Every structure is written in C-alpha cells, then in structure tokens.
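Biologist: Please take a close look at one part of this model, the packing of one pair of helices, and then set that part within the rest of the chain.

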Amino acid sequence: MSALSTAPPAAPAQCPLGTGGAPVSTAMAARPRIGWVGAGAAPARAAMHWLASHRPDWEVSPAEFAAGSDGVARSPVVAVPQACQALVLDLERGANALPDWAAQARTQPLVLCLDPAQEALAARALRLGPGDYVLRAEGGAHLPQLAQRLAALLQAHAPHGPMPAALPALPWPDEPPSQRALLQTTLASMSQGLYTVGPDGRITVYNDRVLELLELPRELLDARPTLMELKQLQQARGDFGESAELVDAQARAYVQSAGGLPSPAVYWRRTRHGRTLEVHTTQLPDGGMVRTFTDVTDHVRTQAELRVSEARFRSLSDLSSDWYWEQDASFRFIHFVGGRNPVGMEPGEVVGRTRWELGALNMTEEDWAAHRRLLDAREPFRELELQRLASDGTAYWVSISGVPVFDEAGAFQGYRGVGRSITDRKQVEAEIERLAFFDVLTGLPNRRLLIDRLYRATLSVGRTGRHGVLLFIDLDNFKDLNDTLGHDMGDRLLVQVAQRLQGCVRQSDTVARFGGDEFVVLAEGLPAEAWAASADASLLARKIGNALSLPYLLDGISHHSTPSIGLTLFGESAGSVDDLLKHADMAMYQAKAAGRNAVRFFDPGMQAAVSARAALEAELRRALQGGELMLHYQPIVDRRGQMLGAEALVRWQHPQRGMVSPGEFIPVAEQSGLIVPLGQWVLEHGCRQLVAWSRSAATAHLVLSVNVSVRQFRQPDFVDQVLQALRESGAQPRLFKIELTESLLLTDVEDVIARMEKLRAHGVGFSLDDFGTGYSSLSYLKRLPIDQLKIDQGFVRDVLTDPNDAAIVRTILALAHSLDLDVVAEGVETTGQLQFLQRHGCHAFQGYLFGRPAPATVLERAVRPAL
C-alpha cells in the first residue's frame with residue numbers, strides 16, 4: 001500500500017486566527033507579516049513602532065487575544081486578516097505564567113520579550129515550537145537583538161519548495177470517510193515526524209514531517225521498506241556518524257546492531273546538519289510500533305543559553321551592583337545597563353569605548369597602565385574607584401568590579417562586571433574628615449590632625465637625620481578681648497591670627513589651632529646640626545612674633561595683641577608626641593612667666609619627670625614578674641541595660657604606691673617595649689576569665705574585649721600567641737574580641753589585614769577603638785575585617801554641649817550603619833548622653849553610667865544579683 005494518496009492538496013498552514021478571520025497561505029509574502037501580542041502598554045507599543053520603523057521590509061501589526069467560549073484566551077488575533085509568519089509575545093511585566101496559546105504546540109516562530117525574572121518561562125514556550133527570546137533592557141537597548149533574532153527565525157522557517165502533494169493515506173479502508181479525513185488532517189498538521197511499523201516490520205504510515213526531519217525521499221517510504229532496510233540506508237549515508245557519535249549513548253548499540261536489540265523508549269540524536277531530534281518509540285500490542293521525531297534544536301539551544309545566563313549572573317551575585325557591564329576582547333564596552341544613569345552618559349556614548357577613554361579625575365596615566373596590565377593578565381579586579389564629572393559639572397564616584405570571560409574552548413572573550421555609585425559614601429567620609437580633623441572657625445587642622453602629623457614628623461626625622469621644631473603659641477590677654485568686645489570679636493581675631501601664621505610658614509609646614517587661643521606650628525627639614533637647627537627655629541619664632549604683634553582691624557576697631565611662644569626641637573631621639581607637646585607647652589608658660597610677648601626654648605632641666613619615668617619602668621618590670629598586675633572589667637551593655645560583655649583593663653597594685661593609674665604606666669610600657677609582655681599577660685588572663693564565665697549560664701554569653709597595642713600586634717608571632725592562649729585556656733574564640741587603634745593603619749596595611757583575616761577565620765572578632773581620633777582609618781575602613789566601631793569618649797563627653805562633637809557622633813553612626821558595623825559608645829556618664837546616643841541609633845554603651853572598671857567578682861554579682 002502506498003503511504004500517500006492522490007487526494008487533493010492539503011490546505012496551507014495559516015496564521016492562527018479567531019472568529020471571522022479567513023485562512024490564508026503562509027507562503028512568504030514580499031513583506032513578512034509580524035503579529036505583536038501584548039502591545040497594550042505604552043512601552044510595548046513604543047517597542048512595536050521601533051521594530052516597524054527599523055524594518056520597513058516587514059509588516060508589523062498588533063495582535064489581541066481571542067477568548068474561547070470559557071473566556072480563556074486561546075490564540076492571538078491579528079488586527080487585519082493577513083498571513084503572519086511570526087509572532088512577538090511582549091509578556092506583561094510581573095507575569096509568572098505563559099498565556100494558554102503559548103503553552104501549546106505550534107508551528108509558527110515565536111519571539112518572547114521577557115524580564116530577567118521571567119527567563120525560565122522561555123524554556124517551556126520554546127520546547128513547544130520554533131522560537132527565541134530576548135531580555136528587556138532599559139531604553140529599548142534589546143530591540144536590535146530582537147530584530148536580529150526575528151530575522152533569523154523567518155529565514156530558518158521560510159518554505160523551500162511546494163507544499164506536499166497529498167495527505168498521508170491510511171491502511172484502514174473500512175474506516176468511515178469522516179474519520180479517515182480527520183486522521184489524515186491530524187497527521188499532516190503534526191509538528192513531529194511520525195511513522196508506524198506493522199507486525200511484519202514494514203513501514204505502513206508516515207507523514208511529511210518525518211521526510212523533512214530525516215531527509216528521506218518520499219519514494220523510499222512509498223515502497224514500504226522494513227525498519228532494518230531504513231536503518232541500513234541511514235548508516236550508509238552517515239546519518240548516525242562514523243561511530244554512531246551523533247546518537248546519544250543509550251541508543252548507540254541499537255543503531256549499530258543488525259537487529260535483535262530493542263529500541264530505547266526515548267533517545268536523542270543529531271542530524272548531519274546540526275539539528276537535534278528527540279526520538280520516541282512505542283510498541284504496539286500486535287508487534288508493530290509507532291516512532292515519532294521531535295525537533296528539539298531550539299530547546300537544546302535555549303537550555304544552553306540558560307546555563308550560560310545562570311553562570312553569568314551567578315558569578316555576579318557575589319558583587320554588590322547598581323549596574324551591569326560587558327566588554328569585548330579589546331576592552332571596549334558592548335553592553336551597559338543599569339537602574340539609573342550611572343556614568344553621567346547615555347549608554348550609546350559608552351558602548352564602543354574603553355574605560356580609560358572615558359577617563360577619571362583620580363587616575364593618572366601610570367594608574368591606567370597598571371590597570372591595563374591587570375586586564376592583559378586576565379585577572380579579576382574589585383572596587384576600582386573612579387571619580388568623574390557629570391554633564392552638569394558635578395563630581396561623582398563609582399566603584400567598579402569585573403571578571404574575565406572565556407568561551408567553552410578557553411578563548412578570552414572580554415570582561416563583565418558590576419558597578420555601583422559610592423558618591424554618598426565619599427561625601428560622608430569627607431564630612432567626617434572635615435569635622436574630625438579641621439577647626440570649624442579657622443579652617444586649620446585641629447588637635448587630632450596635628451597629633452597625627454606630629455607623629456609622622458617624628459618618624460620622618462628619624463629616617464632623614466634632620467631636625468624638626470614644634471612651636472606652641474598663646475595669645476596674650478585674649479580673655480580681656482572676649483570680656484570687653486565679646487566673643488564675636490575674639491573669633492575675628494583668631495581668624496586673622498590663623499591667616500598671618502599661614503603666611504609665615506612654608507606650604508609643607510603645619511599650622512594648627514590647638515584649642516581656645518592656642519596655636520601650634522610644626523616645621524620639618526631643619527638642619528641636622530643642632531646649633532643650626534636652633535638658629536632656624538629662633539628665626540621662625542621671631543618672624544611669627546613680629547607678624548602677630550602688628551595691629552588687627554576688628555570691625556573698624558584697631559586692636560593690639562602679642563604672642564607668647566614656646567618651642568622645642570626634636571631629632572632622631574625625639575620622644576613621644578605627648579612629650580613634645582608638653583615640652584613646647586612648658587616652654588610657652590616660661591615665656592608667659594617672663595612677662596609675655598616672649599620666645600622660650602624648652603629647658604632640659606624641665607625633665608625631672610624623665611627620671612621618675614625610668615624608675616617607673618624598672619618597677620613595672622618587677623610587677624610583671626611579681627604578680628602585682630590584675631585585670632578589671634568594665635561592662636558593655638545594650639539599650640536595655642543588659643550586659644553584652646566587658647572590656648578587660650589592666651591595673652597595677654603597687655606595694656608602696658598603691659593603685660597606679662594606667663595613664664601613668666601604659667605610656668612607659670609603650671616606650672620601653674614592656675607593652676609586648678604586658679599585652680601577652682592580658683591575653684592569657686583574659687582567656688582564663690572567659691573560661692571561668694563559661695561555667696555559669698548567667699555569664700557564659702559575655703564577650704571579652706582586650707586592647708592590643710600597635711607594637712604587640714606587629715610582633716611576628718602575634719597570631720600564634722593569640723591562638724595558643726585560646727587553645728591552652730579552652731576559651732571560645734567567638735567570645736573574644738581584639739580592640740585595635742587607628743594608629744595601626746599608618747604603615748603596612750596589607751600585613752595588618754592579613755593578620756586580622758587569619759584570626760577572624762578562627763572566630764576572633766575585631767573592634768576599632770577610639771574611632772575618629774586617627775587619620776588613616778577612613779581610607780581603609782571598608783577593607784578591614786572588623787565587626788565593631790567604638791566612638792571615642794572625647795566625642796561622647798561633649799555631645800550635648802558641642803555641636804561639632806554631636807555632628808561627628810551622628811555621622812559616625814550613619815557610616816557604621818551603612819557598612820553594617822556594630823557601634824559601642826565609650827565614656828557614657830549621664831542619661832542625657834545615653835538618650836542622645838539611643839535617639840541616633842546607637843545600641844551598645846560603655847561608661848561610668850553603667851559601671852566603673854572592677855574585678856571580675858563585682859561584674860559577676862551585677863549579672864547574678866543572688867550571688
């Protein structure tokens with residue numbers, strides 16, 4: 001029996017139409033018809049008009065949903081009854097399911113426009129028929145890609161010859177004509193290829209789709225070959241590959257066999273032209289079988305694209321982003337999307353250019369060269385901070401991170417990554433720096449910044465062998481001006497004094513307002529010889545004295561003022577910063593005692609305290625060996641007053657002098673190097689106390705904070721010492737917190753971070769103590785693996801009376817919140833301070849309001865009142 005009859009030609013395939021639509025041929029017209037489904041929303045209409053205007057060779061029209069009798073949308077209705085060769089489904093934003101008609105088998109090409117969250121819907125839709133999808137992008141950036149993929153689909157599914165000459169014949173002549181016609185139509189309209197095999201092993205029924213998919217001549221199947229004959233023909237043509245490599249593993253033995261092996265129920269194979277077919281075989285009760293072939297090429301490609309997409313976004317999930325970018329192998333932008341305009345330019349101005357062509361205010365040619373070397377090495381990069389100018393002239397900051405991209409063969413394709421705006425953070429940092437380090441009235445560096453620069457100067461003279469000088473300047477009788485003309489006049493005088501001082505020194509020197517009517521000048525680079533340095537310092541002091549002694553014009557009133565100046569030289573053997581300030585201050589008071597308007601050098605005879613310090617150092621050495629040291633603990637509480645932990649503070653019970661203040665012996669320990677064994681003693685005894693607390697449910701949760709000096713932290717075996725103390729005592733690392741000061745960040749920050757990371761990996765926490773009193777911390781705060789900031793008590797003390805301190809505290813709290821850091825306010829002594837801190841988001845406190853430092857037994861009684 002012939003597999004095809006000589007029945008009249010079948011009706012041509014049609015664009016799905018609703019009631020009233022006339023079926024028309026799908027033969028490709030001069031202008032292919034594109035039906036746009038979902039053009040109701042304004043963005044979708046704009047997208048449809050874009051496609052129509054950019055592809056005048058297509059006829060693009062809106063389509064609607066035609067509801068069935070049950071009210072459910074069935075298939076799209078093109079507004080005019082013309083043939084449509086493809087459909088575009090602009091899926092509604094937020095939709096989590098496909099329309100019914102898109103979830104059914106179809107022959108028309110379909111392109112879906114989706115949001116990234118809807119990408120999973122593409123797999124289902126594209127498995128049911130030919131198609132593709134694009135992800136919507138801001139500003140219609142996805143539309144060129146949509147047009148490209150639509151054109152590819154139209155070309156792939158254009159007819160390549162006349163329509164089939166006949167519907168398949170059926171081997172059931174006794175069937176009623178209506179049933180036969182229905183079965184014939186069904187077979188002809190199937191998107192799957194199909195043939196049936198009778199009990200005798202010969203092919204009895206097939207459809208045209210199987211001829212197309214398997215590339216078989218009609219005459220072959222008309223002759224009713226056996227399945228084995230067909231397989232032999234395909235093997236001879238190389239349909240399965242030389243070693244059946246085009247067939248998946250589970251069916252390879254079957255296609256290579258000469259018979260006798262059963263066919264797998266389902267297997268996949270590829271054609272010689274790269275199409276992928278899914279083969280289903282169903283055995284029939286009479287010994288025959290039905291085999292179907294489904295073209296799953298688009299599904300396979302979609303799955304591959306989904307895997308690539310998932311890998312892309314998974315690699316970006318570790319990066320915090322506001323926008324996403326891609327570059328080609330030449331480092332030129334090819335893709336740039338984001339929630340807002342992140343670079344002050346339109347995407348079209350960015351695409352096709354490199355990052356260095358866009359430029360940055362903070363990058364030099366050397367900086368860009370270093371960045372290019374990193375890219376050439378195919379290395380990932382994180383948090384590249386760039387400052388640029390927006391179109392309105394305002395400066396903004398961005399942080400960029402990126403990773404290299406390679407294809408499946410390992411070939412470099414370019415870079416992709418994310419970016420985020422850090423302008424707000426930079427502004428906060430700048431504001432904190434201004435409030436913390438500069439005087440509001442005069443704009444000069446304040447005491448904190450002066451101390452930092454003085455510390456750096458002591459290091460510098462030690463390296464260069466040259467001298468520096470510190471001048472302490474106090475205005476004579478300044479109080480009289482405030483009392484007679486008012487504080488406003490006093491402020492005007494201070495501003496003019498600051499301006500005159502700046503005119504007396506070099507640009508590299510520092511002029512600072514130390515407080516009130518006191519100013520400090522720091523000059524470096526004086527000669528290495530002491531006598532020459534003294535002469536230059538004296539000359540500078542006289543120059544300043546003459547400048548400040550000239551009359552001042554204050555609101556039309558001439559005012560005369562003179563300065564008292566004390567100065568001290570420092571060189572390789574410079575003492576501490578505090579010592580230098582004390583020496584200059586002592587010399588200034590000598591100038592005042594000499595009758596004011598005078599200059600005095602520091603007298604070495606003032607060093608009576610040095611001898612006492614040496615004696616104290618010797619006694620401290622004995623104390624370390626003699627068990628005179630003890631730990632006191634000051635509680636740290638939450639906003640409800642519940643104890644969170646405590647800070648361990650070392651105390652010295654001297655056998656003759658009684659309790660020695662830490663402010664007296666800690667500086668001696670720092671200067672002498674005793675701070676290292678002293679710090680180790682504190683670590684070991686603190687761990688033992690943690691173990692003791694762990695034995696009681698009331699204290700087992702307490703976290704112990706221990707101060708570690710810069711010198712101790714820099715010891716090569718510091719990390720090992722901490723871990724050894726924890727292991728030997730049995731203390732829990734998660735309850736142990738190390739407090740560091742910002743001065744640690746002045747040198748070798750990378751080493752500091754590496755040590756902190758090693759301890760953090762074992763559970764040890766870190767707190768940045770006295771935050772706001774240093775200088776370098778703002779640059780590295782985002783990189784340090786810290787858990788907590790401690791606001792210095794100097795800010796908290798005057799938070800209710802000094803607007804500057806209040807502003808600094810609020811800013812620090814806001815910065816800590818943005819970086820997800822805990823905050824502890826130190827030095828809380830009044831309920832007013834507590835209420836201010838609570839009102840501005842502080843949740844942990846330490847100070848005399850909650851308890852003075854005391855032995856562990858006192859702290860335990862506070863936690864367990866019944867003891």
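Modeller: What follows begins with the helix pair and then moves outward to the cores and to some single residues.

This is a predicted model, in which local features need pLDDT of at least 70 and side-chain atom pairs count only at pLDDT 80 or more, while totals for chains, interfaces and linings use all residues. Residues are numbered from 1 along each chain as its sequence is written, and side-chain values use heavy atoms, with hydrogens and water left out.

Two packed helices are described by the angle between their axes and the distance between the axes. Helix α16 (residues 487-504) and helix α17 (residues 530-548) pack at about 145°, and their axes are 10 Å apart; helices here are DSSP runs of H or I with at least four residues, strands are runs of E with at least two, and both are numbered from the N terminus. The axes are lines fitted to C-alpha atoms, for helices over the stretch in contact, and the angles run from 0 to 180 degrees between N-to-C directions. The crossing of α16 and α17 is right-handed, a term used if the near helix is turned clockwise from the far one by less than a right angle, whereas anticlockwise would be left-handed. On the α16 side the contact (heavy atoms within 4.5 Å) is made by Val-497, Arg-500, Leu-501 and Cys-504, and on the α17 side by Leu-540, Lys-543, Ile-544, Ala-547 and Leu-548. These residues divide into seven nonpolar, no polar and two charged, where Ala, Val, Leu, Ile, Met, Phe, Trp, Tyr, Cys and Pro count as nonpolar, Asp, Glu, Lys and Arg as charged, and the others, Gly among them, as polar.

Ser-538 also lies in helix α17. Ser-538 counts as buried because its relative accessible area is 19%, and buried means under 20%, exposed over 50% and partly exposed in between, with a 1.4 Å probe and protein chains only. Leaving aside residues up to four places away in sequence, Ser-538 touches Leu-567 and Phe-601.

In soluble globular proteins, nonpolar side chains tend to be buried together. A nonpolar core is here a set of buried Ala, Val, Leu, Ile, Met, Phe, Trp, Tyr and Cys residues joined through side-chain atoms within 4.5 Å. The largest such core has 84 residues, and those touching the most other members are Tyr-633, Phe-736, Ile-738, Leu-759, Ile-786, Leu-789 and Leu-837. Helix α21 (residues 675-694) gives the most to this core, with ten residues. Apart from it lies another core, of 31 residues, whose members include Val-497 along with Leu-444, Leu-471 and Phe-478.

Two residues have a positive phi although neither is a glycine: Phe-331, at about 65°, and Asp-555, near 55°. Phe-331 is placed in the loop between β12 (323-327) and β13 (333-338), and is buried, with a relative accessible area of 9%. Asp-555 lies in the loop between β20 (552-554) and β21 (557-559), and counts as exposed at 56% relative accessibility.

For the wider setting, the protein chain holds 29 helices and 32 strands, and buried residues make up 48% of its 867 residues. Of the contacts in the protein chain with a separation of 6 or more, 59% come from residues 24 or more positions apart.
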